[in-house]
Amino acid sequence: MEETLHHRLSFTLLAVIVFIFSSLAFHHINEQGILYHDAGMNLLEAKFVGESLQTLLKLGSGKPHGKNIWQEIKSTTTGVPIHAGKPGYNVIVWLGSLIAGFHDTLSAKVTAVAGIFGIVLVFLISRRLSGDDSAICSAAALASSTFYLVFSRSGLADTVVSLFFLLGLYIYVRGRSS
């Protein structure tokens, strides 16, 4: 009974940590615009991914086009072809655009959400390895990191990359402990 209460308390504290971090990560995010050149390029590349997929679906549906596929994609897209070496991140941002629409703050919102999930994954990893108390301390330490907060608002790929690293680590730790 006491252990269940301790687990509930730890998840309640995690919810408080996530709420505070979320409040900071999304504070005036619609007013910040694009802060970094790379964030703008990532948005344009994500737009290219989405428009290219739409063009490929249109071509696959049998509509006549008269051009080769690349020419058709170039003539129907307004984004920038992927050249930054982060196509996975661009796909994640494009998926975010399906939910939130395409605007200047989209990549910042995607990285803010990734930052939130990163805190939850750090909690879950630490909980599996060391218990509830360690999990709360680990999540609080990450959430209170100014560096982590800045990158979670930046629109850059770093937070999303760390999210997938943490997801892989969580899957590994969970597999090892079962």
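Residues here are called buried under 20% relative accessible area, exposed over 50%, and partly exposed in between (1.4 Å probe, protein chains only). The model is predicted: local features need pLDDT of at least 70, side-chain atom pairs count only at pLDDT 80 or more, and totals for chains, interfaces and linings use all residues. Residues are numbered from 1 along each chain as its sequence is written, and side-chain values use heavy atoms, with hydrogens and water left out.

**View 1. The whole protein chain has eight helices and zero strands.** Helices (H or I, at least four residues) and strands (E, at least two) are DSSP runs, numbered from the N terminus. The order from that end is α-α-α-α-α-α-α-α. Along the principal axes, the C-alpha atoms fill a box of roughly 70 × 40 × 25 Å. The radius of gyration of the protein chain is 20 Å, against near 16 Å for a compact globule of 178 residues. That radius is taken over C-alpha atoms, and the globule rule is 2.2 Å times the number of residues to the power 0.38. Of the 178 residues, 39% are buried. Contact means heavy atoms within 4.5 Å. Among contacts with a separation of 6 or more, 77% join residues 24 or more positions apart.

**View 2. The surface and charges of the protein chain.** The accessible surface comes to about 10200 Å², and carbon and sulfur atoms hold 66% of this area. Areas come from the Shrake-Rupley method with a 1.4 Å probe; for residues, only the protein chains shown count as cover. The chain carries 13 positive and 11 negative charges, whose mean positions are 9 Å apart. Lys and Arg count as positive, Asp and Glu as negative; His and the chain ends are not counted. Each charge is placed at NZ of Lys, CZ of Arg, CG of Asp or CD of Glu.

**View 3. The largest nonpolar core holds 36 residues.** Such a core is a set of buried Ala, Val, Leu, Ile, Met, Phe, Trp, Tyr and Cys residues joined through side-chain atoms within 4.5 Å. L14, I17, F21, V93, I119, F123 and A139 have the most contacts inside the core. At least two core residues come from each of α1 (2–25), α2 (37–60), α4 (87–100), α5 (106–130), α6 (132–143), α7 (146–152) and α8 (158–177). Helix α5 gives the most, with eleven residues. Leaving aside neighbours within four places in sequence, I119 is in contact with L14, I17, V18, F21, A139, L142, A143 and Y148. In soluble globular proteins, nonpolar side chains tend to be buried together.

**View 4. A114 sits in helix α5.** A114 counts as buried because its relative accessibility is 4%. Not counting residues up to four places away in sequence, A114 touches Y148, T159, V160 and L163. S162 is 48 residues from A114 in sequence, yet their C-alpha atoms are 8.5 Å apart.

**View 5. V80 lies in the loop between α3 (69–76) and α4.** Its relative accessibility is 23%, so V80 counts as partly exposed. V80 touches M41, L44, E45 and F48, with residues up to four places away in sequence not counted. From V80 to L106 the C-alpha distance is 16 Å, with their positions 26 residues apart in sequence.

**View 6. H28 lies in the loop between α1 and α2.** Phi of H28 is near 55 degrees, a positive value in a residue other than glycine. H28 is partly exposed because its relative accessible area is 45%.

**View 7. L53 is placed in helix α2.** L53 has a relative accessible area of 37%, so this residue is partly exposed. L53 and S23 are 30 residues apart along the chain, and 34 Å separates their C-alpha atoms.
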